[in-house]
Amino acid sequence: DAGASFSTARILSGTGAEDVDDPIVTADGSDVMVADVDDSTAGEDDLWALFSSNSGLSFVRGLLESATAGDVGVPRLARWGTLVAAVWQDDDPALPGEEGLHVAVSTDSGRTFGAERSLSPLGEETPGARVLAGSVALLGDDIVVVHADDSESIRSGGPAGSDGARCYVAVSHDRGASWEVERPLAAELSVPQNRPQLCAGGGRVYLALELGNSGSNGMGYCLSSDGG
């Protein structure tokens, strides 16, 4: 009834003995998907997906992130019809970088997902590099992901963290079957680039982001008319 009233709240995940964080939800018609970070598997933060085909009356829960060890965080979801993309930060301890950005894609509204893959190999190969933020948008068969990391600055002897961050674009034009990764978003700009946020509509993908050093930020904006 358009938010006039809500069903009785119930627990979907967790018993109180573990830690559940970062819930996020997306829906299309009666298909609903919720993702959350849960440390119930050996005390490690993993990404879980809960899918409902009946508007949330019942859910099926499954592990979305499982290909790598280490904790995950800050999941993001985007949907275009039956196409759903999930991105998250992943700190695989087997790699030199502190964090990478991973993605998994569903073509059936979130019922099942393909294998996860890294969208930030440069950051994962750079000792101490961190993914500082990520955002995802869908437009038809196109999936556009933008993230900020400090790997380029660290490799050149510059600052780590937000003052050394640059933004990179990863794009799939075939519903996640193949990817172009780590294309610089704004190579012509020498200032730090942080906290990119994407949305899609009207045949375009829109992006806003912080420009400049901490405490003296400006706001940047750009758009793509060709799906990234």
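In the next few minutes I will go through the strands, one proline and one pocket of the structure shown above, which is a predicted model.

Let me begin with the open sheet, in which four strands follow one another in the order β1-β2-β3-β4 with antiparallel pairing. The edges are taken by β1, residues 20-28, and β4, residues 60-63, and because each of these has a single partner strand, one side of each is left without a neighbour in the sheet. If direction is ignored, neighbouring strands of this sheet are turned against each other by 25 degrees on average. At the β4 edge, the antiparallel partner is β3, residues 44-52, and four bridges join the two; within that pairing, Trp48 stands opposite Leu63 in β4.

I turn now to β7, which covers residues 100-106 and is mostly covered, with seven of its seven residues buried. As a reminder, in a regular strand the side chains alternate between the two faces of the sheet. In β7, Gly100, His102, Ala104 and Ser106 point one way, while Leu101, Val103 and Val105 point the other way, and all of them are buried.

Which strands pair with β7? One is β6, residues 83-90, which pairs with β7 in the antiparallel sense over seven bridges, and here Val87 stands opposite Val103. Another is β8, residues 117-118, which is joined to β7 by two bridges and also runs antiparallel to β7; in this case the bridge partner of His102 is Ser118.

Val87 brings me to Pro75, since Val87 is among the residues that Pro75 touches. Pro75 lies in strand β5, residues 72-80, and is it buried or exposed? Its relative accessibility is 3%, and with the cut-off for buried set at under 20%, Pro75 therefore counts as buried. Leaving aside residues up to four places away in sequence, Pro75 touches Asp22, Ile24, Val37, Leu47, Val87 and Trp88. Ser58, by contrast, is 17 residues from Pro75 in sequence, and their C-alpha atoms are 22 Å apart in space.

Finally, I would like to look at the largest pocket, which holds about 260 Å³ of space. Its lining consists of Ser5, Phe6, Ser7, Thr8, Ala9, Arg10, Ser55, Gly56 and Phe59, and, sorted by class, this lining has three nonpolar, five polar and one charged residues.

Technical notes: Residues are numbered from 1 along each chain as its sequence is written. This is a predicted model: local features need pLDDT of at least 70, side-chain atom pairs count only at pLDDT 80 or more; totals for chains, interfaces and linings use all residues. Side-chain values use heavy atoms; hydrogens and water are left out. Buried means under 20% relative accessible area, exposed over 50%, partly exposed in between (1.4 Å probe, protein chains only). Contact means heavy atoms within 4.5 Å. Two strands pair if DSSP finds at least two bridges between them. Axes are lines fitted to C-alpha atoms, for helices over the stretch in contact, and angles run from 0 to 180 degrees between N-to-C directions. On a 1 Å grid over the protein atoms alone, a cavity is a set of points where a 1.4 Å probe fits but cannot get out, and a pocket is an open set with protein on both sides within 12 Å along at least five of seven lines; lining residues have an atom within 4 Å of a point. Grid points are joined across faces, edges and corners, and a volume is the space filled by probe spheres set on the points. Ala, Val, Leu, Ile, Met, Phe, Trp, Tyr, Cys and Pro count as nonpolar, Asp, Glu, Lys and Arg as charged, and the others, Gly among them, as polar.
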